[in-house]
Amino acid sequence: MKLINPMDTVPWSTLLFAVVLLLGSWSPLSFAADALPLPQGRVVLTVTGKLAVTNADNKAEFDMDMLAALPQHEFRTATPWTEGEHLFRGVLLSDLLRRLGAEGAEVRAVALNDYHHDIERQLVAEMPLLLTTHFDGKPMKVRHKGPIWLMLPLSDLPRFNTKRYHELLIWQLKSLDVR
């Protein structure tokens, strides 16, 4: 009995075409192209604007579990609003925007009380802006600047420990608008 090698029955041009298709379909943006699930819990962050990936009427809504599913980062830092150093954990703003395929020159961050600050996208790429969801290991609550507090590692990067950057460290963050 003779075994048939499938490679002998498929023309090389067909194989080459299939390999090119497979390689061509992968890109760093494929992460952003993945569908964004619908939130199952309370929406804690809404992202609007120039987005390639959404899950609601031209916007992306996130609950805490969805934010926790993104790559997590943490650092210890002191802040002007707290005593001593504390552990901040959450998702980098740059990772979130990449996940959504966001394009635009700036991001407007808005708090529950409608305080807002416009952040240049270049700064987002250069700075480790963290959407903090956990403070000292515990989920953040509204009465303690949560559920999301935009934070920088001020102790490790003293150049950011200035009034200019303090203004963009918004607590009780509710939304981002990519412009």
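Val 110 is buried in this predicted model, at 12% relative accessibility. Val 110 belongs to strand S5, residues 106-111. Lys 174 lies 64 residues from Val 110 along the chain, yet their C-alpha atoms are separated by 6.0 Å. Beyond the four places on either side in sequence, Val 110 contacts Tyr 115, His 116, Gln 172, Leu 173, Lys 174 and Ser 175. Lys 174 and Ser 175 fall within strand S10, which spans 173-178. S5 and S10 pair in the antiparallel sense, over five bridges. Within this pairing, Arg 108 stands opposite Asp 177 in S10.

S5 and S10 belong to an open sheet of five strands. The strand order is S2-S1-S10-S5-S6, and the pairing is mixed. Strand S2 (59-62) and strand S6 (116-120) form the edges. Each of these two pairs on one side only. Neighbouring strands of the sheet are turned against each other by 20° on average, with direction ignored.

S10 also pairs with strand S1, residues 45-49. Here the sense is parallel, over four bridges. Val 47 stands opposite Leu 176 in S10. Thr 48 stands opposite Asp 177 in S10. Asp 177 thus has Thr 48 across from it in one pairing and Arg 108 in the other. Thr 46 also lies in S1. Thr 46 has a relative accessible area of 19%, and the limit for a buried residue is under 20%, so Thr 46 counts as buried. Residues up to four places away aside, Thr 46 touches Lys 59, Ala 60 and Glu 61, as well as Lys 174, Ser 175 and Leu 176.

The largest nonpolar core has 46 residues. Those with the most contacts inside this core are Leu 45, Val 47, Phe 62, Leu 96 and Leu 129. In soluble globular proteins, nonpolar side chains tend to be buried together. Leu 129 has a long list of partners outside its sequence neighbourhood of four places. Val 91, Leu 92 and Leu 93 are among them. Ile 119, Val 124, Leu 150, Met 151, Leu 152, Leu 168 and Leu 169 are also in contact with Leu 129.

Aromatic side chains were examined next. The count comes to eight aromatic pairs. In one of these, the ring centres of Trp 149 and Trp 171 are 5.9 Å apart and the planes stand at 90°, so the pair is edge-to-face. Trp 149 lies in strand S9, and Trp 171 in the loop between helix H7 (163-166) and strand S10, so the pair ties together parts that are 22 residues apart in sequence. The two residues carry different labels for accessibility: Trp 149 is buried, at 1%, whereas Trp 171 is partly exposed, at 30%. Both also belong to one aromatic cluster, formed with Phe 75, Trp 81, Phe 88 and Phe 135.

Lys 145 sits over both tryptophan rings. Its charged end is 5.8 Å from the ring centre of Trp 149. Over the face of Trp 171, Lys 145 is at 4.6 Å from the ring centre.

The loop between strand S8 (138-139) and strand S9 (149-151) holds Val 142. Pro 147 lies in this loop as well. The peptide bond from Gly 146 to Pro 147 is cis, with omega near 5°. Val 142 is partly exposed, at 38% relative accessibility. Its contacts, sequence neighbours within four places aside, are Leu 112, Pro 147 and Gln 172. Val 142 and Leu 173 are 31 residues apart in sequence, and 9.5 Å apart in space from C-alpha to C-alpha.

Backbone geometry was also examined at two further loop residues. Most residues other than glycine have a negative phi, and most peptide bonds are trans. Gln 172 has a positive phi, near 55°. Gln 172 is found in the loop between H7 and S10 and counts as buried, at 18% relative accessibility. Asn 58 also has a positive phi, of about 60°, although it is not a glycine. Asn 58 is found in the loop between S1 and S2. With a relative accessible area of 61%, Asn 58 is exposed.

Conventions: Residues numbered from 1 in each chain as written. Predicted model: local features only at pLDDT ≥ 70, side-chain atom pairs only at ≥ 80, totals over all residues. Heavy atoms only, no water. Buried < 20%, exposed > 50% of the residue type's maximum accessible area, 1.4 Å probe, protein only. Contact = heavy atoms within 4.5 Å. Phe/Tyr/Trp six-rings, centres within 6.5 Å; stacked < 30°, edge-to-face > 60°. Lys NZ or Arg CZ within 6 Å of the ring centre and 35° of its normal. Pairing = 2+ DSSP bridges. Axes fitted to C-alpha atoms, helices over the stretch in contact; angles between N-to-C directions. Core = buried A, V, L, I, M, F, W, Y, C linked by side-chain atoms within 4.5 Å.
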